[in-house]
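Trainee: I have a model open and would like to go through it piece by piece. Can we start with the helices?

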Amino acid sequence: FLNNKVGKLLELLRTFDESSSTRLAAFSIVDSSDYAVVRMIFTNADAARHILRRSQYIFAETDVIIVELCEGFSLSGMCLYLLGAELNIRFAYPIMLRGEQPSVAVCVDDNHLAGQILLRKRYRLLSEEDLAP
C-alpha cells in the first residue's frame, strides 16, 4: 500500500534499483483517493520480501499463476477455459520479459484448479525461475 502522493511510486521502485538479487518482472497500480495498491512480481520473491521489510513497506502476498500466451494459446482462449470451470479472474496484468512470449499474471478464485485446467489445455505456466534473467 502506498500513500497517494506524488513521487511515492518512484520512491518504492528505487528501493529495488540497486538490488542484484531481484528485479521487477511485472506491476500494476490500482489508485484511490487516499492510497494506491501496487501489485508487483519479482524474479526473486525472497529477496523482494527482504527489501520491502527492510524499507518498512506494508505489504501482503497473494499467489498468482503466470501464463505464457502464444499462437494457439490466446488470452481469450484462457478466459474461455477458466469460464468453463466457473472461475472468476480477480485481477490480471502483463509480465515484462525480454525476448520471451507475451505472458500474463492471473489471480483467480482457485489458482490450483486454474493451473490444472490450463496445463491440460497445454498452456505453459511459468515459475519464478522462468522470470530470472
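Trainee: How do α3 and α4 lie to each other, oblique or roughly parallel?

Mentor: They are oblique to each other. Angles under 35 degrees count as roughly parallel, over 145 as roughly antiparallel, 65 to 115 as roughly perpendicular, and the rest as oblique. The axes of α3 (residues 75-84) and α4 (residues 111-120) cross at roughly 125° and come within 10 Å. Axes are lines fitted to C-alpha atoms, for helices over the stretch in contact, and angles run from 0 to 180 degrees between N-to-C directions.

Trainee: What exactly am I looking at, and how are residues counted?

Mentor: This is a predicted model, where local features need pLDDT of at least 70 and side-chain atom pairs count only at pLDDT 80 or more, while totals for chains, interfaces and linings use all residues. Residues are numbered from 1 along each chain as its sequence is written, and side-chain values use heavy atoms, with hydrogens and water left out.

Trainee: And what counts as a helix or a strand?

Mentor: Both are DSSP runs numbered from the N terminus: helices are H or I with at least four residues, strands are E with at least two.

Trainee: Back to the two helices. Which residues make the contact between α3 and α4?

Mentor: Met78, Tyr81 and Leu82 come from α3, and Ala114, Ile117 and Leu118 from α4. Contact means heavy atoms within 4.5 Å.

Trainee: How many of them are nonpolar, polar or charged?

Mentor: Six are nonpolar, with no polar and no charged residues in the contact. Ala, Val, Leu, Ile, Met, Phe, Trp, Tyr, Cys and Pro count as nonpolar, Asp, Glu, Lys and Arg as charged, and the others, Gly among them, as polar.

Trainee: New topic, sheets. In what order do β1, β2 and β3 sit?

Mentor: The order is β1-β3-β2 in an open sheet, with antiparallel pairing. β1 (2-3) and β2 (24-31) are at the edges with a single partner strand each, so one side of each has no neighbour in the sheet. Two strands pair if DSSP finds at least two bridges between them.

Trainee: What packs on that sheet?

Mentor: Helix α1 (residues 8-17) does, touching β1, β2 and β3, and its direction makes about 25° with that of β3.

Trainee: Where is serine 28, and is it buried or exposed?

Mentor: Serine 28 is in strand β2. It is buried, at a relative accessible area of 18%. Buried means under 20%, exposed over 50%, and partly exposed in between, using a 1.4 Å probe and protein chains only. Leaving out residues up to four places away in sequence, serine 28 touches Val37, Val38, Arg39 and Tyr93.

Trainee: Now β4. Which way do its side chains point?

Mentor: In β4 (residues 65-68), Ile65 and Val67 point one way, Ile66 and Glu68 the other, and all are buried. In a regular strand the side chains alternate between the two faces of the sheet.

Trainee: Which strands does β4 join?

Mentor: β4 runs antiparallel to β6 (residues 103-108), with four bridges. Two bridges join β4 to β7 (residues 125-126), also antiparallel. Valine 67 is opposite valine 104 in β6, and isoleucine 66 is opposite leucine 126 in β7.

Trainee: Last one. What is phi at glutamate 86?

Mentor: Phi of glutamate 86 is near 60°, positive in a residue other than glycine. Most residues other than glycine have a negative phi. Glutamate 86 is in the loop between α3 and β5 (89-95) and is exposed at 68% relative accessibility.
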